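User: Please take a close look at the aromatic side chains in this model and at what surrounds them. I would like one connected account, with the cut-off behind each term.

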Amino acid sequence: MDLSTTYLGFKLPHPLMPGASPLVDDLDTVRRLEDAGAAAIVMHSLFEEQITHEALGHQAAIDMHEESFAEAMSYFPRPEEYRLGPDQYLEQLRKIKAAVKVPVIASLNGTSVAGWLDYAKLMVEAGADALELNVYYLATQPWEAGEAVERRTLDVVATVRKAVKVPIAVKLSPYFSALTHFAHQLDELGVNGVVLFNRFYQPDIDVEELEVVPSLALSDSSELLLRLRWLAILSGHVKASLAASGGVHTALDALKAVMAGAHAVQMVSALLHDGPAKLTEVRDGLQRWLEEHDYESLGQAQASMSHQRCPNPGALERANYMKILASWRPSRA
Ligand SMILES: Cc1cc2nc3c(=O)[nH]c(=O)nc-3n(C[C@H](O)[C@H](O)[C@H](O)COP(=O)(O)O)c2cc1C
């Protein structure tokens, strides 16, 4: 069964790979992921704040900001609290490159155009085959319009695009108001891939202690649906290749992502929960399903939903929204 796919210009034997996560901090785990069949390795992100803290020193980074911001800066982890500092990150990248044959994708997270973006070049010098820009950002300021958030993100992407020649993917959140338009602008900047989506962590409230409780819950398959919708909307409408990230736990999840238009399928929660062997299980399950259903290739499965694609996905979405609401009937119980 031909499961091959092309993602960011890399011809891969199949679409499954670990998404950005701390799994890459341990070289043995990285080797186990490659042995399990990972088509590529995505490193976790190096954060803008980590780089600026390291460059200025933690206290100096706090002091240089105006007072209200200085308090906010003090919430960030101290440099020693990160698993890998900027230099260690580059060192780990070199070690991973030496240890595996598959493409290695390094990840940078940040939202402003500044010196920290030099790390894009350093990552490439350290051997990164591609970069994933994780533009995780929650717009919380009353004076900041959506357009400004988009502009800043595009400026970051444009700066990195100019700085490096390797393929770039941009990992988005689902909260852009006009995602298709934004994805088109990324296309125009020459971005090679779009990763749908990052996951915002969802803090809870401890009502007894009156405290905000940060929580890191792993995903389940229900989170895939949001990805399927946007993969299907963007598929065929952007030049960039598409990756699914979020809610892939089973072979059927991976298959749905591919049928919706994904060229790559990233897994994190499932691998953190079950270990690298989960990737083999999902790949084998995908192959088995395609064989049992007389498909000749993954590409054929990817094309199989094209009859459901329509030139006006907005109208289809709205019609389905109205139909589904109208279909609800109260239960008799
Ligand atoms: C512990 C943990 C660490 C993560 N670190 C990063 C990161 O550094 N950069 C990033 O872009 N995404 C990061 N993510 C998000 C994942 O790459 C992925 O987008 C998200 O978990 C959804 O996929 P899943 O449902 O397969 O877990 C992290 C997720 C987890 C659970």
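Analyst: **Aromatic pairs and their surroundings**

F182 is buried, because its relative accessible area is 0%; here buried means under 20% relative accessible area, exposed over 50% and partly exposed in between, with a 1.4 Å probe and protein chains only. The model is predicted, so local features need pLDDT of at least 70 and side-chain atom pairs pLDDT 80 or more, while totals for chains, interfaces and linings use all residues. Residues are numbered from 1 along each chain as its sequence is written, and side-chain values use heavy atoms, with hydrogens and water left out.

F176 also counts as buried, at 14% relative accessibility. A search of the whole structure gives four aromatic pairs, where rings of Phe, Tyr and Trp (its six-membered ring) pair if their centres lie within 6.5 Å, and planes under 30 degrees apart count as stacked, over 60 as edge-to-face and the rest as tilted. The rings of F176 and F182 are a stacked pair, because their centres are 4.4 Å apart and their planes meet at 15°. W289 and Y295, by contrast, make a tilted pair, with 5.8 Å between the centres and 35° between the planes. Of these two residues, W289 counts as partly exposed because its relative accessibility is 22%, whereas Y295, at 19%, counts as buried. Elsewhere, ring pairs join Y136, Y175 and F200 into a cluster.

A charged side chain meets another ring: R152 lies over the face of Y137, 4.7 Å from the ring centre, a placement that requires NZ of Lys or CZ of Arg within 6 Å of the ring centre and within 35 degrees of the ring normal.

R152 is also the nearest side chain of opposite charge to E48, which is buried yet has no salt bridge, R152 being 7.6 Å away. Lys and Arg count as positive and Asp and Glu as negative, with His and the chain ends not counted, and a salt bridge needs a side-chain nitrogen of Lys or Arg within 4 Å of a carboxyl oxygen of Asp or Glu.

What E48 does have is an aromatic partner, for a polar contact of 3.3 Å joins its side chain to that of W116; such a contact is a pair of N or O atoms within 3.5 Å, where within protein one must be able to donate a hydrogen and the other to accept it, and residues adjacent in sequence count only if both atoms are side-chain atoms.
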